[in-house]
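This report concerns a ligand and the protein around it, followed by one helix and the residue just after it. The structure is shown first.

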Amino acid sequence: MSASDNSNSIQQEFAPLKNDRLLRALRFETIDTTPVWMMRQAGRYLPEYKATRAEAGDFMSLCKDTDRATEVTLQPLRRYDLDAAILFSDILTIPDAMGLGLYFETGEGPKFKHPIRTQADLDRLPLLEPNDSLDYVMRAVTSIRKALNGQVPLFGFSGSPWTLATYMIEGGSSKDYRYTKGFLYSNPEFLHQLLDKLATAVIDYLDAQVVAGAQILQIFDSWGGALGHRQFIDFSHAYNKRIVAELKVRHPQIPVVLFTKGGGLWLDVQADSEANVLGLDWTMPIDRARQVLNESQRQLTKQYKKIQSSKAIQGNLDPATLYGSPATIRAEVNAMLDSAYAGGEKTGYIANLGHGITQWVNPDNAKVFIDAVHDYKI
Ligand code: CP3
């Protein structure tokens, strides 16, 4: 039996979807109102999240605790009328499973005990067996999917190879990507070897999430925007394109969202992939993104001599907008939706923030954002 047959039978074991607004929008079907969710919707801005994390002890223990990971995934859905859920986990589970020793220093973000700096470090990286070292993620996916009971679709996710590589080489978060870019310009072959291993890992990881019950996938290329134009194409996009192409072979029915922070300049580049949706941050106007993508669709259709489907768009409210007053949030949401639908087509768009919600947001303001999206008459 092929992997996709297998996933189809698994998908049928779960309750049918009651709210398919988000899936309809990305297929450019008619919708009653705009679907909306928030990147990082389960997180520290919610007091109930902080309470559950305190019970678990620390962040990674929370990710590995099936019941609590399920609980925190559902917490934002109890407060808000969201149109999707996202697996509670992290992009750094892959490097952790490869033996880099992930830990979180309070106030400093993620760190790795064993960053990748030498050929020996690279050669030591094991092949990822998602159902073995990352079985806790798959258990969480299945548990969340069951608990949702068809309420909304469930996102699985992964970091992009480039974004994962920056953490693995730097040993944590970075502002200038000193070591990663050092390799890019002094030993590009080394970086390509790592990216190649990561692309294989990401494919198998996302495949396993679909088999476990994920209904849609998002690839977070959070730091793609740090690259130069040609470097983005070679060191980030090429690998994302390969990942999406392979996922489409294994699971043709599962939509894929590709979110590159700072990737607005490269929508034409990213359009040359089988992703169904491109995520935007707040620097790119949605109406302009739509025009670029329509033009890319025409060019790619000519290039491949085969009709290419249009990409839906996801995004792109500046998360800092949620520090503003309810009136400001509503005005900004209305302007965003005017821009999303300016071309006249009243679908093909998923509302979201342009990056993750921050820990300093008042949860009531997140509700204003979500309700304003649904209140907008399309
Ligand atoms: O969106 C969701 O609700 C699902 C859960 C989710 C988390 N991280 C939980 C988390 C998702 C989708 C991620 C993705 C992630 N993780 C990204 C890509 C998205 C982006 O923001 O660009 C990145 C770059 C990471 C790496 C990471 N994990 C960092 C830099 C940090 C620390 C920064 C911070 O916000 O403190 C984490 C930890 C993390 N991942 C937290 C959460 C809720 C906070 C940890 C805590 O509870 O203390």
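## Basis of the report

A residue is near a molecule if one of its heavy atoms lies within 4 Å of it. The model is predicted, so local features need pLDDT of at least 70 and side-chain atom pairs count only at pLDDT 80 or more, while totals for chains, interfaces and linings use all residues. Residues are numbered from 1 along each chain as its sequence is written, and side-chain values use heavy atoms, with hydrogens and water left out.

## Surroundings of the ligand

Of the 22 residues around the ligand, those that come nearest are Arg44, Tyr49, Arg53, Ser222 and His355. The shell comprises 14 nonpolar, four polar and four charged residues; here Ala, Val, Leu, Ile, Met, Phe, Trp, Tyr, Cys and Pro count as nonpolar, Asp, Glu, Lys and Arg as charged, and the others, Gly among them, as polar.

## Polar atoms at the ligand

An N or O atom in the side chain of arginine 44 is 2.4 Å from an oxygen atom of the ligand. For tyrosine 49, a polar side-chain atom lies 2.5 Å from a ligand oxygen atom. At glutamine 41, a polar backbone atom is 3.2 Å from an oxygen atom of the ligand. The protein buries 89% of the 860 Å² that the ligand exposes when taken alone (accessible areas by the Shrake-Rupley method with a 1.4 Å probe).

## Helix α6

Helix α6 (residues 93-100) is largely enclosed by the rest of the structure, because six of its eight residues are buried (under 20% relative accessible area, 1.4 Å probe, protein chains only). Helices are DSSP runs (H or I, at least four residues), numbered from the N terminus. The buried residues in α6 are Thr93, Ile94, Pro95, Asp96, Met98 and Leu100. Just after α6, glycine 101 takes a positive phi of about 70 degrees.

Conventions:
A polar contact is a pair of N or O atoms within 3.5 Å; within protein, one must be able to donate a hydrogen and the other to accept it, and residues adjacent in sequence count only if both atoms are side-chain atoms. Buried means under 20% relative accessible area, exposed over 50%, partly exposed in between (1.4 Å probe, protein chains only). Helices (H or I, at least four residues) and strands (E, at least two) are DSSP runs, numbered from the N terminus.
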